[in-house]
Structures are given as structure tokens and as C-alpha cells.
Amino acid sequence: MVTKSVLEKAVEQGILQQAQVAPLLAFLGEQNQSRIKTTNVLYYVGGSLAIVALALLLGLSWDRSSGLGLMVAALISLVLSAVFMIRLRKLQHHVPAKLFGCLVILLVPISIYGAQEALGIWPTGAHPGSGHPDVFMTLTLGLEIPTLLVALLLLFFCRYPLFMLPILLVLWLMAIDNVPGEFFTVTFWFGLVTALLAMWIDIATRHTQDYAFWFYNVGVFCFWGGLTVFVLEGDISNLFACIVSLLLLAVGVVLNRRVFIIAGGIGVFLYIIYLAGLFFENRWILVTLLALAGVGVIWLGLVWQKHEKSVVNSLQNYLPGILRELVNSRQR
């Protein structure tokens with residue numbers, strides 16, 4: 001993938017001139033945005049269908065399937081997926097290769113669960129709300145830890161950032177199962193820690209692939225979801241949530257990360273709706289104000305599109321040098 005840092009290296013080696021970097025980068029960006037590879041869409045649709053099929057398989061077999069049959073089917077699927085991943089990677093078909101890698105990771109807990117069922121060590125009715133919470137936690141750790149190790153192993157050898165997603169999902173499940181606290185409280189703190197860790201990973205890998213992408217997405221999603229629940233339950237005020245949403249917007253603009261902008265924008269929008277409903281009980285006035293607010297947001301979008309580059313560049317001038325380097329290296 002051609003990034004600004006790659007072109008800068010070409011300048012250092014005398015392949016390009018410094019004046020050619022900006023226009024070439026802009027041209028490549030336009031080319032990438034102007035076409036969507038149909039093959040990639042088909043890859044992701046096929047991979048999604050396979051993942052849904054695995055989820056249905058596990059759900060249907062939770063209480064009624066033969067553990068031995070499930071284990072054998074999952075192991076055969078795992079081996080085939082691994083063979084396809086290795087073969088496609090050698091042929092430089094990286095998109096389907098990483099999708100088959102994700103299938104390998106997802107098949108690990110299904111295989112282990114089938115083995116547990118076949119050995120009769122999974123008691124009937126064991127779930128978090130049953131009378132076997134300790135047994136459930138022990139058995140689920142037996143699913144989660146091997147899955148995490150396999151995902152880390154594949155990440156080490158294949159270097160596909162997509163493998164970060166199952167790793168984070170497993171870590172989230174482990175936190176939910178083993179960290180004391182309510183579901184959304186644990187999710188909130190997991191999201192906050194993950195988002196902060198994402199920035200460190202982003203800086204550490206700024207000259208390589210975007211390994212922080214899924215950390216940012218999972219972290220912000222968990223953090224914002226927990227924050228929303230806290231607002232609904234009255235643990236924090238709507239105003240505080242709006243301030244946090246504005247901070248997310250600012251971080252997204254400065255770091256050029258859309259997930260912050262989306263989460264922050266939704267948070268601010270919800271606060272506007274809250275204020276409108278609080279001060280205007282007349283429905284017609286409320287609808288009119290919301291319509292005007294919508295038109296205003298569209299107008300702001302047009303203004304922002306016109307001045308985005310100059311505003312972002314001005315804001316980035318106040319960043320520490322390492323963060324400016326990070327943002328520049330991630331620009332396409």
C-alpha cells in the first residue's frame with residue numbers, strides 16, 4: 001500500500017522529487033476512492049456468510065448436537081481453512097487469505113467445545129445464570145485462552161491487522177466473564193483502555209500496516225456504548241456525555257480517525273434531541289427545530305468540506321512531533 005512515508009523513502013533514494021510527493025499522493029487517493037473492487041466485496045460477503053454459518057452451528061449444537069460430531073466437523077473445517085489461507089497467501093490473494101484466517105480462529109473454540117461435550121465435562125445447563133458459575137467460567141477460559149493463542153500465532157506469522165479483531169473480541173469476552181462488575185461497566189472500562197492502547201500501538205506501528213484500526217473501533221464502540229447506558233441509567237448527566245462526545249469529535253478530526261467522529265457526532269446529536277424535547281413540548285416546534293438543525297448540519301458539512309484541510313493542518317501544528325508524524329504517515 002502506497003502511503004506518504006513510502007513516497008518519502010522514494011525521495012530519500014532519489015526515485016522521486018519532493019515536489020512530486022503531494023500531487024502523486026492526491027492522485028493515488030482519488031484512484032482508491034473512485035473504484036471499489038467487486039472481488040473484495042464478494043470476498044467479504046462470502047466470509048461473512050461463513051462466519052454466520054459457524055455462529056448458527058455453535059448455537060444449534062449448544063444443547064442438542066453430538067460433541068464428537070461437532071468436534072470432527074469443526075476440525076475438518078479448521079484444517080481446510082488453514083490450507084486455503086496458506087495457499088491464498090502464497091498467491092498474494094491477501095483479502096481471502098485473512099478471511100480464511102479468521103475462520104481458523106473462530107473454529108478453534110467450536111472444536112474445543114465439541115471435545116468438551118464428547119468428554120462429558122460440560123454439565124447440562126451450565127451458563128452464567130445457572131447454578132454452575134465457577135464451572136462455566138473455567139470451561140469458557142478453556143475456550144478463550146487457546147483461541148487467543150492461535151490468533152496471536154497467526155498474527156505473528158501472517159501480519160494481518162484483521163486478526164486483531166478476534167483477539168480483541170476474545171479479550172472482551174474474558175473481561176466480561178472474569179472481571180467483577182456489571183456488563184456495561186466492564187465494557188466501558190475495557191473500551192477506554194483499548195482506545196488508549198490503540199494510540200500507543202498506532203505510534204509504535206506508524207510506519208507499517210494499520211494495526212491500531214481495530215483497537216480504535218472496538219475501543220470506541222465499547223466505551224461509547226457503556227457511556228450511553230450510564231446516561232440512560234442516570235449515572236452521568238447528558239451534558240457530561242455531550243462534552244465527552246465533543247472531545248471524541250476533536251480527537252477524530254486531529255487523528256483523522258472516523259470512528260471517533262461517528263461516535264462523537266451521534267453523541268452530540270442525541271444531546272440536541274434531548275435539549276429539544278426538554279425545552280419544547282409543542283411537537284410542531286420540535287419538528288421544525290430538528291428540521292432546521294438537520295439543514296444546519298448539512299450546511300456545516302459543506303463548509304467543513306471546503307475548509308477541512310486548512311483547519312486540520314492548523315490543529316495538527318499544535319500536536320507533539322511524534323503525533324504529527326503519526327498522522328502524516330497514516331494519510332493516504
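**Figure 1. Helix α9, checked end to end.** At 1.5 Å a residue, the 20 residues of α9 ought to cover 28 Å, and the end C-alpha atoms sit 29 Å apart, so the two values agree. This is a predicted model, and the helix belongs to a chain with 13 helices and zero strands. Plenty of α9 is tucked away: its buried residues include F215, Y216, V218, G219 and V220. Further along, C222, F223, G226, L227, V229, F230 and V231 are also among the buried residues of α9. After the helix comes G234, with a positive phi near 80°.

**Figure 2. How α7 and α9 cross.** Two packed helices are described by the angle between their axes and the distance between those axes. For α7 and α9, the axes come within 9 Å and cross at roughly 35°, and the crossing is right-handed. On the α7 side, the contact is made by M164, L165, L168 and W172. Facing them from α9 are W214, F215, V218 and C222. Of these α9 residues, F215, V218 and C222 also turn up in the list of buried ones.

**Figure 3. Y216 meets F260.** Here the ring centres of Y216 and F260 are 5.5 Å apart and the planes stand at 70°; that angle is over 60 degrees, so the pair counts as edge-to-face. Y216 lies in α9 (residues 213-232) and F260 in α11 (residues 258-279), so the pair ties together parts that are 44 residues apart in sequence. Both partners, Y216 and F260, are buried.

**Figure 4. Neighbours F183 and F184, plus an aromatic cluster.** The structure holds eleven aromatic pairs. In one of them, the rings of F183 and F184 have centres 5.0 Å apart and planes at 90°, so this pair is edge-to-face. F183 has 38% relative accessibility and counts as partly exposed; F184, at 38%, is partly exposed too. Also worth a look is the cluster built from F188, W189, F223 and F230. Two of its members, F223 and F230, are among the buried residues of α9.

**Figure 5. R159, a loop arginine over a ring.** R159 sits in the loop between α6 (133-158) and α7 (164-178). The arginine lies over the face of F156, 5.1 Å from the ring centre. Its backbone deserves a glance as well: phi of R159 is near 60°, a positive value in a residue other than glycine. With 44% relative accessibility, R159 counts as partly exposed.

**Figure 6. Q92, a positive phi in a loop.** Q92 is not a glycine, yet its phi is positive, at about 65°. You'll find Q92 in the loop that runs between α4 (67-90) and α5 (94-119). Its relative accessible area is 54%, over the 50% cut-off, so Q92 is classed as exposed.

**Figure 7. Stepping back to the whole chain.** Read along the sequence, the pattern is simply α-α-α-α-α-α-α-α-α-α-α-α-α. Of the 332 residues in the chain, 35% count as buried. As for contacts between residues at least 6 apart in sequence, 61% join residues at least 24 apart. The Y216 and F260 pair from the earlier view links parts 44 residues apart in sequence.

Terms used: Residues are numbered from 1 along each chain as its sequence is written. This is a predicted model: local features need pLDDT of at least 70, side-chain atom pairs count only at pLDDT 80 or more; totals for chains, interfaces and linings use all residues. Side-chain values use heavy atoms; hydrogens and water are left out. Rings of Phe, Tyr and Trp (its six-membered ring) pair if their centres lie within 6.5 Å; planes under 30 degrees apart count as stacked, over 60 as edge-to-face and the rest as tilted. Buried means under 20% relative accessible area, exposed over 50%, partly exposed in between (1.4 Å probe, protein chains only). Helices (H or I, at least four residues) and strands (E, at least two) are DSSP runs, numbered from the N terminus. A charge sits over a ring if NZ of Lys or CZ of Arg is within 6 Å of the ring centre and within 35 degrees of the ring normal. The expected span of a helix is 1.5 Å times one less than its number of residues. Axes are lines fitted to C-alpha atoms, for helices over the stretch in contact, and angles run from 0 to 180 degrees between N-to-C directions. A crossing is left-handed if the near helix is turned anticlockwise from the far one by less than a right angle, and right-handed if clockwise. Contact means heavy atoms within 4.5 Å.
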